[in-house]
Amino acid sequence: MFETPLANRLHIAIFGRRNAGKSSLINALTNQDIALVSETAGTTTDPVYKAMELLPIGPVVFIDTAGLDDEGELGELRIKKTKAVMDKTDLGLLVITYGSDLKLEKEWLLELKKRNIKVLGVVNKIDENEIDIKMLEDMFKIPFIKVSAKDRKNIDVLKRAIYENAPMDFERSTIVGDIIKPKDSILLVAPQDIQAPKGRLILPQVQVLRDVLDAGAMACIVKDSELKESLENLSKIDLVITDSQVFKYVNDTIPKDMPLTSFSILMARYKGDLKTLIEGAYAIDSLREGDKVLIAEACTHHPLEGDIGRQKLPKWLEDRAGRKLNITVRAGADFEEDLSKYKLIVHCGACMFNRKQMMSRILKAKEQSVPITNYGVAIAYMNGILNRVVKVFNI
Ligand SMILES: Nc1nc2c(ncn2[C@@H]2O[C@H](COP(=O)(O)OP(=O)(O)OP(=O)(O)O)[C@@H](O)[C@H]2O)c(=O)[nH]1
Ligand code: SF4
Ligand SMILES: [Mg+2]
C-alpha cells in the first residue's frame with residue numbers, strides 16, 4: 001500500500017552507444033546485478049525498468065536502453081523503442097566513453113533537449129581512459145561526471161549530480177500527513193521565548209499546523225507552561241510535536257507511551273535524509289579533544305542572546321564530549337567544498353532552504369565521509385530521547 005506508483009517515480013533513463021557501459025552503470029547505481037552486461041555490443045535489446053528507492057533521493061525508476069547506434073533492421077526497431085523511452089524520461093544520463101567521435105551523442109542530446117529533458121553527461125570507463133571533462137562541458141553545455149562503472153568509482157558523486165539535476169517537483173509532499181490519520185488529535189508545544197518573533201509563529205510551526213489541518217486531523221497548540229493543563233483537559237492525544245528546546249521537559253512530562261516528535265525532526269525529514277542525520281548524531285560520541293566541528297546555518301539571521309548555533313549548541317556539544325572542541329560557525333548560502341577537515345557537521349533546520357538545497361549539502365558531506373546531523377536530531381540525541389522521537393517514522 002505504501003509503494004510509490006511507477007508514474008510518481010523519477011524516471012532516470014540511460015542512453016549511449018552499445019558497449020558504453022549503460023547496463024553496468026545501472027548495476028553500479030543500484031548496487032545489484034540487475035542488468036545483463038557483456039562485451040558483445042547490443043546485449044540490451046529491450047528497455048529494462050528497475051524501480052527502487054535510491055537513497056537518499058527517494059523513489060526512482062531506472063531505465064536501461066539498447067544502444068542508440070544499433071544497426072540493421074532489428075537495430076532500427078531497437079532505436080525506435082529507445083526513443084519511445086525518451087518520452088517518459090525525467091532525467092537522462094548520456095554515457096560517453098573514450099574514443100567516441102561524439103557526433104551521434106550530439107544528435108541524441110538534441111533529441112532529449114527537444115523533449116525538454118534534463119541531461120547529465122557521464123564519462124564511463126575512466127579506469128581505462130579519461131576524457132577532458134571541460135572540453136565536453138563546453139561542447140555539450142551540460143554537466144559531466146566521470147565514473148568507472150566497473151570499479152564502482154565516483155558513483156556517489158553521480159548520485160548527488162542526479163539529485164541536483166532532478167526536476168524540482170520531486171519533493172516530499174507532506175511534513176506530517178503520512179504519519180497521522182484524519183480525526184487524530186495532535187498536541188503542539190511551542191514556547192514563545194525571546195527567540196520567537198513578536199506577534200507570530202515561526203515558519204516550521206505554521207507549516208506543521210497547516211499540514212495537520214490538511215490531513216483532516218485536529219491540532220491544539222500550547223506553550224510549555226500550559227502543557228500539564230492540556231494533558232488533563234484533552235481526552236485523547238495521538239501525537240505530541242514539540243519545539244526541541246523544551247524536549248527534555250516535554251519528554252519527562254507526558255506519559256511514556258505517548259508518541260512524541262519535534263518540529264525540527266519533522267523538518268529534518270521533510271528537507272533532508274533523516275537516516276543520515278541520525279547516523280551523524282551518533283558521531284558526537286566519537287569526538288576527540290580539539291576536533292573540528294562545523295555548525296552550519298542556511299541563512300544569516302541576526303543572532304540574539306542565547307543563540308542556539310553560537311552559544312547553546314557549542315556548549316552542549318562540549319559538555320557531552322567532555323572536551324574542548326574546535327567549533328566553527330558558518331552562516332549563509334556558502335558551504336565549503338572541502339569538508340574533510342571536519343569530524344562532524346551540525347546543520348540548522350534549513351527552514352529557508354528547499355529540500356534540494358539541503359540534500360545537496362548532506363550528499364556533499366556523505367561523499368567526503370563526514371558525519372552530518374542537524375540541530376533537532378543532535379539535541380534529541382544528547383537528551384537521550386532520539387529513539388523515542390524517531391519511532392513514529394518506522395525507520
Ligand atoms: N574497463 C571498464 N569496462 C567497463 C566499464 N563499464 C562497463 N565495462 C565493460 O564494457 C562492456 C559493455 O558493458 P555493458 O554494461 O554491457 O554496456 P552497455 O552499454 O549496456 O552495452 P549494450 O547493452 O550492448 O548496449 C562489458 O564488457 C563491461 O564489463 C568500466 O567502467 N570500465
Ligand atoms: S535557515 Fe536555518 S538559521 Fe535560518 S532561520 Fe531557518 S533554521 Fe534558522
Ligand atoms: Mg546493456
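**Strands, a metal site and charged pairs**

Colleague: In which sense do β9 and strand β10 (residues 260-262) pair, and over how many bridges?

Modeller: This is a predicted model, so what follows describes a prediction. One pairing of residues within these two strands sets Thr 242 of β9 against Ser 262 in β10. Taken as a whole, β9 and β10 pair in the parallel sense, over three bridges.

Colleague: Which strand is joined to β9 (residues 239-242) by four bridges?

Modeller: Two bridge partners show where to look, since Ile 186 has Leu 239 as its partner in β9, while Val 189 has Thr 242. The strand that runs parallel to β9 and is joined to it by four bridges is β7.

Colleague: Which residue of β8 stands opposite Ile 186?

Modeller: Strand β7 also pairs with strand β8 (residues 218-222), in the parallel sense and over five bridges. Within that pairing, the residue of β8 that stands opposite Ile 186 is Ala 219.

Colleague: How many of the five residues of strand β7 (residues 185-189) are buried?

Modeller: It helps to take the two faces of β7 in turn: on one side Ser 185, Leu 187 and Val 189 are buried, and on the other side Ile 186 and Leu 188 are buried as well. Strand β7 is therefore largely enclosed by the rest of the structure, the number of buried residues being five of the five.

Colleague: Are the residues of β9 that point either way from the strand buried or exposed?

Modeller: Leu 239 and Ile 241 point one way from β9, and Val 240 and Thr 242 point the other way. For both sets of side chains in β9 the outcome is that all are buried.

Colleague: How many of the nine residues of helix α9 (residues 263-271) are buried?

Modeller: The buried residues of α9 are Phe 263, Ser 264, Ile 265, Leu 266, Met 267, Ala 268, Arg 269 and Lys 271. Helix α9 is thus mostly covered, and the number of its residues that are buried is eight.

Colleague: Which residues are the protein donors of the magnesium ion (ligand 3)?

Modeller: The protein donor atoms, an OG and an OG1, lie 2.0 to 2.1 Å from the magnesium ion. One donor residue lies in helix α1 (residues 22-30) and the other in the loop between α1 and β2 (48-54), so the pair ties together parts that are 21 residues apart in sequence. Both donor residues count as buried, at a relative accessible area of 8% for the one in the helix and 12% for the one in the loop. In that order, the donors are Ser 23 and Thr 44.

Colleague: With the side chain of which residue does the side chain of Arg 361 make a polar contact?

Modeller: Arg 361 is found in helix α12 (residues 355-367) and is buried, with a relative accessible area of 5%. Among the residues it touches, leaving aside those up to four places away in sequence, are Glu 297, Asp 334, His 347 and Phe 353. The polar contact of the Arg 361 side chain, at 2.8 Å, is with the side chain of His 347.

Colleague: Which residue forms a salt bridge with Asp 184?

Modeller: Asp 184 is buried, with a relative accessible area of 7%, whereas its partner counts as exposed at 53% relative accessibility. The closest N and O atoms of the pair are 3.6 Å apart, and the partner of Asp 184 is Lys 181.

Colleague: In which helix do Asp 252 and Lys 248 both lie?

Modeller: The side chains of Asp 252 and Lys 248 meet in a salt bridge, at 3.3 Å from N to O. Both count as partly exposed, Asp 252 at 45% relative accessibility and Lys 248 at 47%. They are four residues apart, about one turn of the helix, and the helix that holds both is α8.

Colleague: How far apart, from N to O, are the side chains of Arg 310 and Asp 307 in their salt bridge?

Modeller: The two partners can be described by their burial, Arg 310 counting as partly exposed at 30% relative accessibility and Asp 307 as buried, with a relative accessible area of 2%. The N to O distance in the salt bridge between Arg 310 and Asp 307 is 2.8 Å.

Colleague: How far apart do the C-alpha centres of domain 1 and domain 3 lie?

Modeller: The chain is divided into domain 1 (6-165), domain 2 (185-266) and domain 3 (273-386). The contact between domain 1 and domain 3 takes eight residues from each of them. The distance between the C-alpha centres of domain 1 and domain 3 is 35 Å.

Terms used:
Residues numbered from 1 in each chain as written. Chains lettered and ligands numbered in written order. Predicted model: local features only at pLDDT ≥ 70, side-chain atom pairs only at ≥ 80, totals over all residues. Heavy atoms only, no water. Buried < 20%, exposed > 50% of the residue type's maximum accessible area, 1.4 Å probe, protein only. Pairing = 2+ DSSP bridges. Donors = N, O, S within 2.8 Å, 3.2 Å for Na, K, Ca; no water. Polar contact = N/O pair within 3.5 Å; in protein donor to acceptor, adjacent residues only side chain to side chain. Contact = heavy atoms within 4.5 Å. Salt bridge = Lys/Arg side-chain N within 4 Å of Asp/Glu carboxyl O. Domains from an automatic or database assignment.
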